[in-house]
Amino acid sequence: MGKPTGFMEFERLEEAYEPVEKRLTHYKEFVQTLADDAAKTQGARCMDCGIPFCNNGCPVNNIIPDWNDLVYRGNWKQALEVLHSTNNFPDFTGRICPAPCEAACTLGINAAPVGIKSIEHFIIDKGWEMGWVVPQPAKVKTGKKVAIVGSGPAGMAAAQQLARVGHDVTVFEKSSRIGGLLGFGIPDFKLNKSVIDRRVAQMEAEGVVFRTKVIVGDKAIPAGINNDATETVSAAQLKKDFDAVILAAGSEVPRDLPVPGRELKGVYAALEFLIPQNKEVQQGVKNPINVKGKHVIVIGGGDTGSDCVGTSYRHGAASVTQFELMPAPPEQEDKPLTWPYWPLKMRTSSSHKEGATVREFAVATKAFVDDGKGNVKALKAVRVEWVGGKMSEVAGSEFELPCDAAFLAMGFVNPVGSLLDAFGVDKDARNNAKATTDGEGCYKTSVDGVYAAGDVRRGQSLVVWAIREGRQAAREVDAFLMGSSALPR
């Protein structure tokens, strides 16, 4: 695949970033798509490895060597067709997927892996530029109606697949815009919302109906979860009006930190900061949280924490410190041990590089300190050590840092329980919707005609896993409604 000797001739080329001093002045995307010639060269690096582990490293099983070769040869439209054959939304994954495919790249064993994500980004941007991404409405309608609860990548993927085989699909979303956490959770500087909007327009032309500000089940939503709903629809009504229902509402309940001072003003769940910031950028609704000139501590070392870091710098924070409970990972992974699986190694995001981010590992928060007026003024912490998988505090390692704002970015524990309760579906041990992905009845819940896909079923995960599950659930629903399905699994 690609040029037979390309991997020996060409170096990996990373996508260029807008300079930090410039990108901190706005919330627009700052990653620059590869130029045509650079994309061809990067496609040439894909080696004829015999067994392309990247295919299985990718949850949607993208046919990566094929479209790398097509890009190398300048057959961009055909590359787009191959890419779309397994992935409905490469414009999402090409921007925010962490690229487990690259971790599985055979070239990556002893050299820099093929820049698969950058090539994917190039293909889809070229497709939109050339006008090749067009609606694909069904030629024949089935008369069957499907309701999808949740408009994140799982719900969108399922909706598009089902609409294209002729079903009437309605997507219900409690937020004021489509996209789930892609829409309001992820900052615009990582994913411009016009990227979502153009997909919504495509899907509407394919017959999908989107209903925003509608909550299904119980309007009482736990604190820290966005809810713009002005209308409520019961689960019973959906089951009555539709032939099948797919629950794709994500995993939204944030993991809390029950320590003294948690109730103080200035201590927030991460999305209480990120969602209003997205609304300010997109809708002009001022974010009530402003950290300009403040000392910010972000608790949690994942992508959501990184988003809080980047947003804080754009506000003009005086300092940003990020805590992680686990010990610092190695700078370089042990490739013979981990390849082709996702490796444990130090990862520094673009947000970390936008300021003098202090990253503290193996640290546990003990308390938030009151300034006497109900506001947080400092954070007390202790260093920890891990032995045999068990954590213990290091004696005498307690310390205190100034803290005007703390963002809890420790992940999400489960979907909103009231939604699952409204449909009466069984839950697993982690309070996710219980549904298998193996054997007969994949993605089917304990309630006939009700399916579950994405984070609502598997727990907090990646956008690419959501797309995979949405596509696969669509196939199962199509088979349930029609007796068989021609949709890919």
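# Reading strands, burial and salt bridges

Q: Which residue in β4 stands opposite Val149?
A: Phe172 is the one standing opposite Val149. Keep in mind that this is a predicted model.

Q: What makes β3 and β4 a pair?
A: Pairing takes at least two bridges between two strands. β3 and β4 (residues 168-172) have 5 bridges, so they count as paired, and the sense is parallel. The chain gets from β3 to β4 through helix α10 (residues 153-164), in a right-handed β-α-β crossover.

Q: How do you know that β3 also pairs with β8?
A: The cut-off is again at least two bridges, and β3 and β8 are joined by 4, so they pair; the two run parallel. Look for Ile148, which stands opposite Ile246 in β8.

Q: Why is β3 called largely enclosed?
A: A residue is buried when its relative accessible area is under 20%. In β3, 4 of the 5 residues are buried, so the rest of the structure largely encloses this strand.

Q: What is the order of the open sheet that holds β3 and β8, and how do its strands pair?
A: Reading across, you get β5-β4-β3-β8-β20, with parallel pairing throughout this open sheet of 5 strands. From one strand to the next, the twist averages 20°.

Q: What makes β5 and β20 edge strands in that sheet?
A: β5 (209-211) and β20 (450-452) each pair on one side only. For β20, that pairing is with β8 (residues 244-247), in the parallel sense over 3 bridges. Ile246 has Tyr451 as its bridge partner in β20.

Q: Which strands does helix α19 touch, and at what angle does it run to β8?
A: Helix α19 (residues 463-482) packs on the sheet and touches β3 (145-149), β8 and β20. Its direction makes about 170° with that of β8. Angles run from 0 to 180 degrees between N-to-C directions, so at about 170° the helix and β8 point in nearly opposite directions.

Q: Why are β10 and β13 called edge strands?
A: There's another open sheet of 5 strands, with the order β10-β18-β11-β12-β13 and parallel pairing. β10 (267-269) and β13 (358-361) each have a single partner strand, so one side of each has no neighbour in the sheet.

Q: How do you know that β11 and β12 pair?
A: With 5 bridges between β11 (residues 295-299) and β12 (residues 319-324), the requirement of at least two is met, so they pair, running parallel. One spot to check is His295, which stands opposite Ser319 in β12.

Q: Which strands do helices α14 and α15 lie across?
A: Helix α14 (residues 270-283) lies across β10 and β18 (405-408), at about 75° to β10. Helix α15 (residues 303-315) lies across β11, β12 and β18, at about 175° to β12.

Q: Why is the contact between Arg199 and Asp91 called a salt bridge?
A: The cut-off is a side-chain nitrogen of Lys or Arg within 4 Å of a carboxyl oxygen of Asp or Glu. The closest N and O atoms of Arg199 and Asp91 are 3.0 Å apart, so the pair qualifies. Arg199 is in helix α12 (residues 193-205) and Asp91 in helix α7 (residues 90-96), so the bridge ties together parts 108 residues apart in sequence.

Q: Are Arg199 and Asp91 buried or exposed?
A: The limit for buried is under 20%. Arg199 has a relative accessible area of 1%, so it's buried. Asp91, at 0%, is buried too.

Q: What makes Asp307 buried but Lys190 partly exposed?
A: Asp307 comes in at 6% relative accessibility, which is under 20%, so it counts as buried. Lys190 is at 21%, which falls between 20% and 50%, so it counts as partly exposed. Their side chains meet in a salt bridge at 2.6 Å, N to O.

Q: Why is Phe10 called partly exposed?
A: Its 26% relative accessibility is neither under 20% nor over 50%, so Phe10 lands in between. Phe10 is in the loop between α1 (6-9) and β1 (16-17). Leaving out residues up to four places away in sequence, Phe10 touches Lys3, Thr41, Ala44 and Arg45.

Conventions:
Residues are numbered from 1 along each chain as its sequence is written. This is a predicted model: local features need pLDDT of at least 70, side-chain atom pairs count only at pLDDT 80 or more; totals for chains, interfaces and linings use all residues. Side-chain values use heavy atoms; hydrogens and water are left out. Contact means heavy atoms within 4.5 Å. Buried means under 20% relative accessible area, exposed over 50%, partly exposed in between (1.4 Å probe, protein chains only). A crossover is right-handed if, with the strands pointing away from the viewer, the path from the first strand over the helix to the second runs clockwise.
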